[in-house]
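Visitor: Please give a close account of one part of this model, following the backbone and then the packing around it. Explain the terms where the reasoning depends on them.

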Amino acid sequence: MRKIIASLDLGSNSIKLVVGEIQKNKLNILACIDILSQGIKKGYIVNPESALLALKDAFKKAEEMLGIPV
């Protein structure tokens with residue numbers, strides 16, 4: 001069974017998503033996604049709908065790149 005992990009960074013300027021796989025106690029990076037942030041200002045979510053759309057876009061790009069659900 002594969003051990004897939006993901007990390008998400010929500011910033012005011014960009015949203016970053018990193019997906020990796022642990023094999024033999026080493027982390028292999030499978031995908032790095034960096035998109036423009038929306039709905040977030042100074043670390044606070046000010047527009048939940050826009051922030052959610054940006055998050056969905058980041059996950060969609062990662063899933064398209066990898067061919068597996070994240």
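Guide: A strand here is a DSSP run of E with at least two residues, and strands are numbered from the N terminus. The model is a predicted one. With that definition, K42 can be placed in the loop between strand 4 (40–41) and strand 5 (44–45). Its backbone deserves attention: K42 is not a glycine, yet it has a positive phi of about 50°. In general, most residues other than glycine have a negative phi. K42 counts as exposed because its relative accessibility is 79%, and the cut-off for that class is over 50%.

A second such position is N25, also not a glycine, with a positive phi of about 60°. N25 sits in the loop that joins strand 2 (14–23) to strand 3 (26–36). With a relative accessible area of 80%, N25 is therefore exposed as well.

The strands on either side of N25 lead to the interior. The largest nonpolar core comprises 10 residues, namely I15, L17, V19, A31, I33, I35, A54, L55, A58 and A62. Strand 2, strand 3 and helix 1 (48–66) each contribute at least two residues to this core, and helix 1 gives the most, with four. Nonpolar side chains tend to be buried together in soluble globular proteins.

V19, one of the core residues, shows the surroundings in detail. Apart from neighbours within four places in sequence, V19 is in contact with I4, I5, A6, N28, I29, L30, A31, A62, L66 and V70. Among these partners of V19, A31 and A62 are themselves listed in the core.

Methods: Residues are numbered from 1 along each chain as its sequence is written. This is a predicted model: local features need pLDDT of at least 70, side-chain atom pairs count only at pLDDT 80 or more; totals for chains, interfaces and linings use all residues. Side-chain values use heavy atoms; hydrogens and water are left out. Buried means under 20% relative accessible area, exposed over 50%, partly exposed in between (1.4 Å probe, protein chains only). A nonpolar core is a set of buried Ala, Val, Leu, Ile, Met, Phe, Trp, Tyr and Cys residues joined through side-chain atoms within 4.5 Å. Contact means heavy atoms within 4.5 Å.
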